[in-house]
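Colleague: I am new to this one. Please show me the structure, and then let me ask about it.

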Amino acid sequence: MKYPLSEIAKLFDKPEIIGDTSREVGAIASLEKASPNDLSFLGNKKYSSQVPATNAGVVLLPRDYKGDLPKNSTVVKVDNPSIELAKICSIIEKRLWPELPPSIHSSASIDKSAKIGSGVFIGPNVSICEGAEIGDGAVLQGNNYIGRFAKIGAKSFIMPCAVVMDYCELGQRVRLQPGAVVGSDGYGYVFSEGRHVKVPQVGKVVLEDDVEIGANTCIDRARFDKTSVGEGTKIDNLVQVAHNVQIGKGALLVSQVGISGSTQIGNFAVLGGQTGVAGHLKIGDGAMIGGQSGVNGDIPPKSYMRGTPPRPYLKAHKIEVLIGHLIELFDRVKELEKHLGISKKTFSKKHSE
């Protein structure tokens, strides 16, 4: 594929172009690995040092970039290189994966009571059960199971092997990546008479408009009422959302996050990768939790926490730095005890008295 820079620049918001505007772009690459045929970008300031030496034919830079420019590249300054790059990728995506024409594969199994909207694509080996509703323009790529009385909103995109269980509801433009499961049983048991007795999970899952669910992520149906994910929330791969969890709008959950039952996640909260959250907690609006944190208490709105237990980010960082000097500190204490003639035996005896 070849894309003239003159055409690409039309996608951008008031671009400032420095250099040869007749270039063509054939691929996208990082600053470090880019060739003269590639377009690259500076999306994270920590890579600013790579800009002057890049071999990219075209480089997207933020307008406030003050460093040296690459000698052999055409520079395009924009407000947000990552946003503008997404516009380019959207065009490439349509070339690589064109829209699927409305059709129903002969191997699909559709119950007579199911309601199928207009312009729908239903791929091979899809099962749509009693009373299910598929909205206009929805895509079910293949090997999907849509349970009894489940609802799939208009223009939702369900990738291969994703599952929507009975009574669960997806809003408009929801995307399920391969292997995602919406509506698996919640994990609930009561110990009685020497064994674990399963507690029936009779609620559902509701995903609001523009929610995206990553590959092999599981969202459990509620014990009662609903597990819900708010409008525009994006959930990464391999995430576990337990029964009756309530996630607000615009939240970001990164890979391998695990959320226990009945916890509430606020609007636009961010949970870093491998964060674990205990049950029945509240994470406030706009809170950010660093990766690999273990959350065992409520998190205030707009706070930035990390660690186990979570602490304010700068405090947690300071503690980690001090832990790195513990061996040195113990050695200094030993030298001090030696200098003062204090033995471990004497110290222990004095404190035991």
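Modeller: Here are short questions and answers on the overall form, the sheets and a few single residues.

Modeller: This is a predicted model, in which local features need pLDDT of at least 70, side-chain atom pairs count only at pLDDT 80 or more, and totals for chains, interfaces and linings use all residues. Residues are numbered from 1 along each chain as its sequence is written, and side-chain values use heavy atoms, with hydrogens and water left out.

Colleague: How many helices and strands does the protein have?

Modeller: Both kinds of element are DSSP runs, numbered from the N terminus: helices are H or I with at least four residues, strands are E with at least two. On that basis the protein has 40 strands and five helices.

Colleague: Is the protein a compact globule or more spread out, and what is its radius of gyration?

Modeller: The radius is taken over C-alpha atoms, and the globule rule is 2.2 Å times the number of residues to the power 0.38. For 353 residues the rule gives 20 Å, and the protein is well over that, so it is more spread out than a compact globule. Its C-alpha atoms fill a box of roughly 90 × 75 × 30 Å along the principal axes. The radius of gyration is 27 Å.

Colleague: What share of the residues is buried?

Modeller: Buried means under 20% relative accessible area, exposed over 50%, and partly exposed in between (1.4 Å probe, protein chains only). Of the 353 residues, the buried share is 38%.

Colleague: Which strands are the edge strands of the open sheet of nine strands?

Modeller: Two strands pair if DSSP finds at least two bridges between them. This sheet runs in the order 10-13-16-19-24-27-30-33-36, with parallel pairing. Strand 33 (residues 264-265) and strand 36 share two bridges, and Gln264 has Lys282 as its bridge partner there. The strands that pair on one side only are strand 10 (115-116) and strand 36 (282-283).

Colleague: Which residue stands opposite Gln240?

Modeller: Look at the open sheet of ten strands, ordered 9-12-15-18-21-26-29-32-35-38 and parallel. Its edges are strand 9 (109-110) and strand 38 (294-295). Within it, strand 29 (residues 240-241) pairs with strand 32 (residues 258-259) over two bridges. Opposite Gln240, in strand 32, stands Gly258.

Colleague: Which residues does Asp285 contact, leaving aside its neighbours within four places in sequence?

Modeller: Asp285 sits in the loop between strand 36 and strand 37 (288-289). Asp285 is partly exposed, at 41% relative accessible area. Contact means heavy atoms within 4.5 Å. The partners of Asp285 are Gly266, Asn267, Pro301 and Lys302.

Colleague: Where is the cis peptide bond that ends at Pro309?

Modeller: Most peptide bonds are trans. Pro309 lies in the loop between strand 39 (304-306) and strand 40 (311-312). With omega near -5°, the cis bond runs from Thr308 to Pro309.

Colleague: What phi does Lys14 have?

Modeller: Most residues other than glycine have a negative phi. Lys14 lies in the loop between helix 1 (5-8) and strand 2 (16-18). Lys14 counts as exposed, at 68% relative accessibility. Its phi is positive, about 50°.

Colleague: Is Gln292 buried or exposed?

Modeller: Gln292 lies in the loop between strand 37 and strand 38. Gln292 is not a glycine, yet has a positive phi of about 65°. With a relative accessible area of 57%, Gln292 is exposed.
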